[in-house]
Amino acid sequence: MNTDDLRQLDRRHIWHPFTPMKLWLESDPLVIAAADGMHLIDSDGHRYLDGVSSLWCNVHGHRVPEMDEAIRRQLGRVAHSTMLGLTHEPAVLLADRLMQIVPKSLKKIFYSDCGATATEIAFKLAVQYWHNTGQPRKTEFVGFTEAYHGDTVGAMSVGRTEAFHKPYFPLLFKVHFSPTPFVYRSEFPNDPERVKTECLAALEKILQEHSATLAAICIEPIVQGAAGMIVHPAGFLREVRRLATEYGVLLICDEVAVGFGRTGRMFAAEHENVEPDLMCVAKGITGGYLPLAATFATQKIFDSFLGEPWEGKTFFHGHTYTGNPLACAAALASLDLFDKNNVLENVRSNVDAFNDFALKKELRHRPFVGDIRYKGTMIGIELVEEQKSRKRFDPRRRVGAEFCMRMRKRGVILRPLGDVIVIMPPPAMGREDFMQLIDAVAVEMSAMETWI
Ligand SMILES: Cc1ncc(COP(=O)(O)O)c(C=O)c1O
């Protein structure tokens, strides 16, 4: 079908996620027709670097022969079979493989199919763990301001933002919000240690007052992605872990965005040697090929669910496509490629290159660049109207969105978070493509003066 017909049919039928549809209906959407390595290709044959990993999930690029072959091989066996009452080889082998690389505290894996289900499962496991161990009052959570854990009701409860979730506030359960250590937007933008200390003091106060009713603290470790690539000050996560233990509250690490190499380690919690009680992964687990998620738990949590069927300890939760065999086969192939292609080392060397580049090209001093924050190749560049006062642009100008639309003419697909330009290439992106990507961003930053 030709591009215009596809666009017309799209506008007629489809309601797009996280999309102001009024604007969409007035636009001519880009139609992706194919892909090749680190590039997406539109229906007119134009090539674009995939600068946000197809929404933070692609790891090794597109149409990777080993990945394609693993899925084809599994297709020749079985595409889907349930995990309710049955098991299958790809899920078992993947579990065994993952157990060798997740933090040592984690001993059991519960499969599901997206980030929101992975976090929702962690919340339910936390509440039922306390129920099963005779502390049924422990049902509340601590979340961090501006956190994001997905769009189901539990995930929205713990990761709510006014902009996304206001109409649903009456549906959400009780959560105590602790301030996020967002150094750039704090009162002390040049003093990360002070910001960290104050945020930890606020967290401790919540724990002192409410530990008797708290089930868990949930955190996006090291980088709070959807809030605008907020990188927490060093040592923050370690202290959160210490406080959770001290006050008898579980720690849930939501590694949905940061997991599978994006920060330069397989899991972000590794940066601070943190061992969570529950950990959620999704997005990058299949290399960005197919929907799969997992929630990991400690042996202690798992054991509390053991009992006779009539004792009410069972975890009555599951999804139809939980542990889908094709997705598990893709995930196994992805893990092979991490080793074969030294993907974590690639991320670390791209970070060094970005560091040099940001300094040399003085990205930091471009007139509208407020803050550059990154861990691994999760990069956020916050655009501001005025650097000194950190004054934001009027959100109605949609400066971040305009910037990203212009990047398409430079052969790059990006998607902003408000006025934060997100650069999150697939962890396996080679140096040449990576430099081309960040160079294109820098050139558009210079060009901003002509259109702002
Ligand atoms: C930290 C975090 N948790 C959970 C989610 C939800 O994942 P999904 O979109 O797969 O439901 C996201 C998505 O961006 C995320 O960044």
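1. In this predicted model, Ile 32 stands opposite Asp 42, a residue of strand 2. The pairing to which this belongs is that of strand 1 with strand 2 (residues 39-42), and the two strands run in the antiparallel sense, joined over four bridges. As background for a reader new to such arrangements, strands of a sheet pair through backbone hydrogen bonds, either parallel or antiparallel.

2. The sheet itself is an open one of four strands, which follow the order 1-2-3-15 and show mixed pairing. Strand 1 (32-36) and strand 15 (412-413) take the edge positions, and because each has a single partner strand, one side of each remains without a neighbour in the sheet.

3. Helix 5 (residues 89-99) deserves a separate look, since the burial of its residues can be followed around the helix axis. Pro 90, Ala 91 and Leu 94 of this helix are buried, and, seen down the axis, the buried residues of helix 5 fall within an arc of 95°, so they line one face of the helix. The general background is that an α-helix has 3.6 residues a turn, so residues three or four places apart point the same way. On the other side of helix 5, by contrast, Val 92 and Asp 96 are exposed.

4. Which elements cover the buried residues of helix 5? The cover includes helix 4 (65-75), strand 4 (106-112) and helix 12 (325-340).

5. Around the ligand there is a shell of 14 residues, of which the closest are Gly 115, Ala 116, Gly 150, Val 256 and Ala 257. Helix 6 (residues 115-132) supplies the largest share of this shell, namely three residues. By character, the residues of the shell divide into seven that are nonpolar, five that are polar and two that are charged.

6. Turning to the protein as a whole, there are 15 helices and 16 strands, and the C-alpha atoms fill a box of roughly 65 × 60 × 45 Å when this is taken along the principal axes. For 452 residues, a compact globule would be expected to have a radius of gyration near 22 Å, and the value for the protein, 22 Å, agrees with this.

7. Two further figures describe the interior and the contacts. Buried residues account for 45% of the 452 residues in the protein. Among the contacts between residues at least 6 apart in sequence, 72% join residues that are at least 24 apart.

Definitions and conventions: Residues are numbered from 1 along each chain as its sequence is written. This is a predicted model: local features need pLDDT of at least 70, side-chain atom pairs count only at pLDDT 80 or more; totals for chains, interfaces and linings use all residues. A residue is near a molecule or strand if its C-beta atom, placed from the backbone, lies within 6 Å of it. Ala, Val, Leu, Ile, Met, Phe, Trp, Tyr, Cys and Pro count as nonpolar, Asp, Glu, Lys and Arg as charged, and the others, Gly among them, as polar. A residue is buried if 20 or more other C-beta atoms lie within 10 Å of its own, exposed if 12 or fewer, and partly exposed in between; C-beta atoms are placed from the backbone. The arc is that of the directions from the helix axis to the C-beta atoms. Two residues are in contact if their C-beta atoms, placed from the backbone, lie within 7 Å. The radius of gyration is taken over C-alpha atoms; the globule rule is 2.2 Å times the number of residues to the power 0.38. Two strands pair if DSSP finds at least two bridges between them.
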